[in-house]
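Could you walk me through this model in the viewer, one selection at a time? I would like to know what to click on next and what I will find there.

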Amino acid sequence: MPGCDTVLRMTGTSTPSTPAMIDAMIDAVIDWYRSSARVLPWREPEASAWGILVSEVMLQQTPVVRVLPRWQEWMRRWPAPVDLADAPTAEVLRVWDRLGYPRRALRLQDCARQIVRAHGGEVPRGEQALRALPGIGEYTAAAVTAFAHHERAVVVDTNIRRVLARAVRGRALPDRSYSAAERVLATSVLPSERGRSVAWNQAVMELGALVCTARSPRCEQCPLQARGCAWVAAGRPAPEEDTRRRQAFEGTDRQLRGRIMALLREHGETSPAALAALDPEDPVRVERCIRSLLADGLAVRAGEEHASGAGAGGVGTNVAREAGADGAAAPDGLRLP
Ligand code: SF4
């Protein structure tokens, strides 16, 4: 297995520390996946590369249970990139519903348009071509390469990072941000054979999502507990530092942006009074959130011309009208682009 010497140097533990042990770890996780994986439509053999790409974007910051109905609705409406490319942007945002981080919906539409313009409507092959698409980063390009095109790719999401941190490095949690050391490790353990590499990527990700969870890993259900998980073997040491405090959602601008978007999805347009009523104590905050939605292309002032639609530029085509210098709310309401 290429790169296993690196694994040996990095772990500094006796588990799992030989190519044979890494191989056994991979086999165990793949076997576990075959009997324990969730049945999800984007994993079915008939799932298209486009469907898999959409699922990967939706799943980045949203749990499966919330993504599933939205993904099904998206694929029913827009089964191919050309369908989404032609859709009205307001409709795209409505169907995105409450998945959160709605800029992802705009980026997906941009991505669809670029696929139609530059690739004849087919999701391109190869991580380089994928990463040239709007909104497609290192993770998504690797995931689409592995899961849609069945090619060897180093797929690293938070779940995989956590399993490798525990099982191989003996740490409670991965590094605070994705590090070069983690990438080297993920590359080192990736099987060299194409089919096995795809199976490993899928299986280790699912293990992290279902069993080796962040807060309470279910080691008793894990195929690696008896096969030398380094963290278990080390006596489950605590994290070196607690850097993972979650920011409270209540009272944040993100929450208020979400409430504005919910109004827009429901009514298509909102009045200045309805916007101001969202936080009567803090009109400056309301205006700040309005401006950020305008800047992101997620809304336009109610009096403005429609700027998007089939073939339009999508993200960033709607320019915010300046509010007064004192930051007070502008007189117009908002509508979806
Ligand atoms: S044994 Fe426990 S800590 Fe180790 S990989 Fe499995 S679930 Fe994670």
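A residue is called buried here if 20 or more other C-beta atoms, placed from the backbone, lie within 10 Å of its own. By that criterion, 38% of the 337 residues of the protein chain count as buried. Keep in mind as we go that this is a predicted model.

**Whole chain.** Start by showing the protein chain as a cartoon: there are 16 helices and three strands to find. Among contacts with a separation of 6 or more, 67% join residues 24 or more positions apart.

**Colour by confidence.** The mean pLDDT of the protein chain is 87, with 85% of its residues at 70 or more. Now select residues 1-14, where the pLDDT is below 50; this stretch has 30 contacts in the model beyond near neighbours in sequence. Then move to residues 307-330, where pLDDT also stays under 50. For that stretch the model has 48 contacts beyond four places in sequence.

**The ligand.** Next, select the ligand and the 13 residues around it. Which of them come nearest? They are Cys 212, Pro 217, Cys 219, Cys 222 and Cys 229. Helix 10 (158-167) and helix 13 (230-233) each supply at least two residues of this shell, and the largest share, three residues, comes from helix 10. Colour the shell by class and you will see eleven nonpolar residues, one polar and one charged.

**Helix 10 against helix 12.** Stay with helix 10 and add helix 12 (residues 194-210). The two pack at an angle of about 85°, their axes 8 Å apart, and that makes helix 10 roughly perpendicular to helix 12. On the helix 10 side, show Asn 159, Ile 160, Arg 162 and Val 163; they meet Val 204, Met 205, Leu 207, Gly 208 and Ala 209 in helix 12. By class, this contact has six nonpolar, two polar and one charged residues.

**Helix 2 against helix 12.** Keep helix 12 on screen and bring in helix 2 (residues 19-36), whose axis comes within 8 Å of that of helix 12 and crosses it at roughly 75°. Helix 2 is therefore roughly perpendicular to helix 12. From helix 2, pick Ile 26, Val 29, Ile 30, Trp 32 and Tyr 33. Their partners in helix 12 are Ala 199, Trp 200, Gln 202, Ala 203, Val 204, Glu 206 and Leu 207. Sorted by class, the contact of helix 2 with helix 12 has ten nonpolar, one polar and one charged residues.

Technical notes:
Residues are numbered from 1 along each chain as its sequence is written. This is a predicted model: local features need pLDDT of at least 70, side-chain atom pairs count only at pLDDT 80 or more; totals for chains, interfaces and linings use all residues. pLDDT is the predictor's confidence in each residue, from 0 to 100. Two residues are in contact if their C-beta atoms, placed from the backbone, lie within 7 Å. A residue is near a molecule or strand if its C-beta atom, placed from the backbone, lies within 6 Å of it. Helices (H or I, at least four residues) and strands (E, at least two) are DSSP runs, numbered from the N terminus. Ala, Val, Leu, Ile, Met, Phe, Trp, Tyr, Cys and Pro count as nonpolar, Asp, Glu, Lys and Arg as charged, and the others, Gly among them, as polar. Axes are lines fitted to C-alpha atoms, for helices over the stretch in contact, and angles run from 0 to 180 degrees between N-to-C directions. Angles under 35 degrees count as roughly parallel, over 145 as roughly antiparallel, 65 to 115 as roughly perpendicular and the rest as oblique. A residue is buried if 20 or more other C-beta atoms lie within 10 Å of its own, exposed if 12 or fewer, and partly exposed in between; C-beta atoms are placed from the backbone.
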